[in-house]
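User: Could you take a close look at one part of this structure for me? I would like to see how a single strand fits in with what surrounds it.

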Amino acid sequence: MTSHNEPHAEPAPAAESDLGSATDDYAARFSGAVGRWMLAAQEEAMLPPLLADASAAILDVGGAHAQLALPLARAGRTVTVTGSVPECERWLRKRTGGLAATFVLTSSLRLPFPDRSFDWALAVRMMTHSADWTRLVGELCRVARRGVIVDYPTNASLNMFSGALFGLKKKVETNTRTYTLFRDRDVEAAFREQGFRVAERRPEFFWP
């Protein structure tokens with residue numbers, strides 16, 4: 001296991017994974033009725049533990065898409081959002097309006113926070129596009145006191161056909177990206193290496 005204090009090389013730009021989901025183009029994918037339903041299902045799966053404690057400090061890594069920062073800010077929670085380029089702050093402010101959310105410009109793979117700085121650390125739309133997802137998990141675990149929440153596509157259900165169907169998906173969505181599928185046991189092992197255990201899994205969707 002790598003010590004939290006061991007120095008790391010700076011991550012390459014290609015290792016960042018928040019830009020694709022932070023853009024206005026990506027946000028448009030959730031502007032219709034189906035998109036709003038998907039976001040509601042995501043909130044139902046992820047928000048309960050974050051809303052249970054009104055005083056919790058929450059870090060949303062790569063969260064300029066505001067899919068969780070917005071409902072958390074509406075609920076009066078203290079939210080810090082990171083982004084890897086300055087434009088992320090503009091996108092975040094556009095989506096959260098005047099609601100309180102702190103923005104920090106930083107790599108998601110080298111967070112500038114001391115160990116255990118936040119009650120909860122979360123990352124949505126991040127693991128599957130990260131070039132170094134285990135390092136991302138390590139950083140989330142390092143800064144979290146109570147827990148970490150992530151989403152990821154598994155290699156179960158229709159995802160097993162994702163490679164063969166990617167061309168069709170690209171034609172339909174136009175702005176989709178390649179993504180990594182995970183086995184639950186591999187994700188569990190990555191968290192276990194950081195001293196964390198998986199407390200709960202909440203499947204969201206059957207379709208990829």
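Analyst: Happy to. A good place to start is the right-handed β-α-β unit made by S2, helix H6 (residues 87–96) and S3. Please keep in mind that this is a predicted model.

Within that unit, S2 and strand S3 (residues 102–105) pair in parallel through four bridges. One pair to look for is Thr82, whose bridge partner in S3 is Val104.

Now turn to the other neighbour. Strand S1 (residues 57–60) is also parallel to S2, and four bridges join the two. Here Asp60 stands opposite Val81 of S2. Between S1 and S2 the chain passes through helix H5 (residues 69–74), again as a right-handed β-α-β crossover.

How enclosed is S2 itself? Five of the six residues in this strand (residues 78–83) are buried, that is, under 20% relative accessible area, so S2 is largely enclosed by the rest of the structure.

Stepping back to the whole sheet, five strands line up in the order S3-S2-S1-S4-S5, forming an open sheet with parallel pairing. S3 and strand S5 (144–150) lie at the edges with a single partner strand each, so one side of each has no neighbour in the sheet. On average, neighbouring strands of this sheet are turned by 20 degrees against each other, direction ignored.

At the S5 end, strand S4 (residues 118–123) runs parallel to S5 and is joined to it by five bridges. Leu122 has Ile149 as its bridge partner in S5.

Notes
Residues are numbered from 1 along each chain as its sequence is written. This is a predicted model: local features need pLDDT of at least 70, side-chain atom pairs count only at pLDDT 80 or more; totals for chains, interfaces and linings use all residues. Side-chain values use heavy atoms; hydrogens and water are left out. Buried means under 20% relative accessible area, exposed over 50%, partly exposed in between (1.4 Å probe, protein chains only). Two strands pair if DSSP finds at least two bridges between them. A crossover is right-handed if, with the strands pointing away from the viewer, the path from the first strand over the helix to the second runs clockwise. Axes are lines fitted to C-alpha atoms, for helices over the stretch in contact, and angles run from 0 to 180 degrees between N-to-C directions.
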